[in-house]
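Q: Please take me on a close look at the inside of this protein. I am new to reading structures, so go one step at a time.

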Amino acid sequence: YMTDGDAHMGHTASTIEFLSQNGRIEELIVVGITNTDRTRDLTPVKSTAKDPAGNLQAPTSGGADNFLKFIETELIPQIEKQYRVQPYRIFAGHSLGGLFAIHSMITKPGLFNAYIAVSPSLQWANKEAMKRVEEFLKNQKEMKATLFVSIGNEPGAIGETFDSLKELLSKTDIKGFEWQAERMSDEDHGSVVLRSHYVGLRKVYEGWQGPRDLKSGAVLGGLKGADAHYKKLSEKFGYNIPVPENLINQMGYQFLF
C-alpha cells in the first residue's frame with residue numbers, strides 16, 4: 001500500500017518485479033493510493049501556521065485518522081476480497097506520506113507488518129508527530145514490525161527531525177521490532193524515493209534468499225536446507241511460504257554436474 005500512487009507506481013512496480021525475479025523478495029501486489037487533498041489526508045495534526053495575511057496555510061489539514069480508517073475498513077477489505085494476497089502488508093509513503101506511514105505505525109500497530117517512510121515530514125505542526133513517536137517508542141514493549149526510514153540531502157527542520165528519529169530508534173529495545181535509518185546524501189527530496197523503495201524492501205525481506213555456497217552458489221544443505229530456510233521464513237512472515245519451484249529446478253540442474 002503506497003501513498004502518491006500516481007507519482008510512484010511506475011518505478012515501484014518495476015523495483016518489485018526486479019527484486020522478486022531475482023529471488024530477493026516475495027511477489028507483491030502494489031496498491032497505489034491517490035488523494036484529492038494530500039494535506040488533509042496525510043497529516044495527523046491540524047496546522048496552526050498562518051500566512052502574512054493571517055489566514056491558515058493548511059486549513060483542511062489534520063485528517064489522517066479518517067484516511068487511515070478508510071484504508072482499514074474499506075480499502076484493505078476490498079483488496080483482500082478481490083485479489084490473491086497473504087496476511088502480510090507493507091505501507092510506503094513519501095514526505096507527508098512518510099509522516100502518515102509513521103503515524104499509522106504508532107496509531108494502529110498491527111494493521112501493517114512493515115513500513116517504508118521516505119523523507120517523513122515529522123516537522124509538521126511544530127514537531128507534534130515527533131512527540132507522539134517518542135512517547136510510543138518509550139512505552140512499547142513488543143511489536144512485530146519492520147521500519148525503514150530514509151532521507152536525502154535535506155537540511156532544515158525535516159533533516160533535524162530525521163536525526164532525532166534515528167536517535168530515538170537507536171535507544172529502543174522493543175521485542176520483535178526491526179529498523180533501519182539511512183541518509184542518502186547524494187539524493188534530494190524528490191529523487192530519494194526510488195532508491196529508498198529498493199533499499200527499504202531489501203530491509204523488509206532481509207534474509208529472504210537462503211544461505212549459499214560462496215564458490216558454487218548452491219543452497220547450503222540441499223533440499224533439506226531449503227525446506228528449513230523456508231520454514232523459518234514462514235514463521236517470520238506469518239504464512240506458509242513453500243520452497244519456490246524455480247529454486248528446486250535450479251538445484252536439480254546443479255545436481256546434474
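**A walk through the buried parts**

A: Let's begin with Thr-43, which is buried because its relative accessible area is 0%, under the 20% cut-off. Please keep in mind that this is a predicted model. Thr-43 sits in the loop between α2 (38-42) and α3. A polar atom of its side chain lies 2.8 Å from the backbone nitrogen of Gly-62. Leaving aside neighbours within four places in sequence, Thr-43 is in contact with Ser-61, Gly-62, Gly-63, Ala-64, Leu-96, Leu-99 and Trp-124. Gly-62 therefore appears twice, as the polar partner and in the list of contacts, with Thr-43 being buried at 0%.

Now let's move to strand β4. It is mostly covered, with 5 of its 5 residues buried. In a regular strand, side chains alternate between the two faces of the sheet. On one side of β4 you find Ala-114, Ile-116 and Val-118, on the other Tyr-115 and Ala-117, and all of these are buried, so to speak covering both faces.

What does β4 pair with? Strand β3 (residues 90-94) pairs with β4 in the parallel sense over 5 bridges. To see this pairing in the model, look for His-94, whose bridge partner in β4 is Val-118. β4 is also joined to β5 by 5 bridges, and these two strands run parallel. Here Ala-117 stands opposite Val-149 in β5. Next come β5 and β6, which pair in the parallel sense over 8 bridges. A good spot to look at is Phe-148, which stands opposite Gln-180 in β6.

Helices link these strands. From β5 the chain crosses through α6 to β6, a β-α-β crossover that is right-handed. β3, α4 and β4 make a right-handed β-α-β unit, and so do β4, α5 and β5.

With the strands in place, we can turn to the nonpolar residues. The largest nonpolar core has 46 residues. Those with the most contacts inside this core are Tyr-1, Ile-71, Phe-91, Phe-100, Phe-112, Leu-165 and Phe-177. Among the elements that give two or more residues to the core are α3 (64-82), α4 (96-107), β4 (114-118) and α5 (124-139). β5 (142-151), α6 (157-170) and β6 (175-183) are on that list as well. Which residues does Leu-165 touch? Not counting residues up to four places away in sequence, Leu-165 touches Ile-102, Leu-122, Met-130, Val-133 and Val-149. You met Val-149 before, opposite Ala-117.

Apart from the largest core lies another core, of 28 residues, among them Tyr-88, Leu-201, Tyr-205 and Tyr-230.

Aromatic rings deserve a stop of their own. A pair of aromatic rings is described by the distance of the centres and the angle of the planes. Counting rings of Phe, Tyr and Trp whose centres lie within 6.5 Å, the model has 12 aromatic pairs. In one of them, the rings of Phe-91 and Phe-100 have centres 5.5 Å apart and planes at 50 degrees, so the pair is tilted. Phe-91 counts as buried at 0% relative accessibility, and Phe-100 counts as buried at 0% too. Another pair is Trp-208 and Phe-237, with centres 5.4 Å apart and planes at 80 degrees, so this pair is edge-to-face. Trp-208 lies in the loop between α7 (192-204) and α8, while Phe-237 is in helix α8, so the pair ties together parts that are 29 residues apart in sequence. Trp-208 is buried at 6% relative accessibility, and Phe-237 is buried at 3%. Elsewhere, ring pairs link Tyr-1, Phe-67, Phe-70, Phe-91, Phe-100, Phe-112 and Tyr-115 into a cluster.

Our last stop is His-229, in helix α8 (residues 222-237). Is His-229 buried or exposed? His-229 counts as buried, because its relative accessibility is 13%. The side chain of His-229 reaches the backbone oxygen of Trp-208 at 2.8 Å. Not counting residues up to four places away in sequence, His-229 touches Gly-207, Trp-208, Gln-209, Gly-210 and Pro-211. So Trp-208, whose ring pairs edge-to-face with that of Phe-237, also has its backbone oxygen reached by His-229.

Conventions:
Residues numbered from 1 in each chain as written. Predicted model: local features only at pLDDT ≥ 70, side-chain atom pairs only at ≥ 80, totals over all residues. Heavy atoms only, no water. Core = buried A, V, L, I, M, F, W, Y, C linked by side-chain atoms within 4.5 Å. Buried < 20%, exposed > 50% of the residue type's maximum accessible area, 1.4 Å probe, protein only. Helix = DSSP H or I, 4+ residues; strand = E, 2+ residues; numbered from the N terminus. Contact = heavy atoms within 4.5 Å. Pairing = 2+ DSSP bridges. Right-handed = clockwise from strand over helix to strand, strands pointing away. Polar contact = N/O pair within 3.5 Å; in protein donor to acceptor, adjacent residues only side chain to side chain. Phe/Tyr/Trp six-rings, centres within 6.5 Å; stacked < 30°, edge-to-face > 60°.
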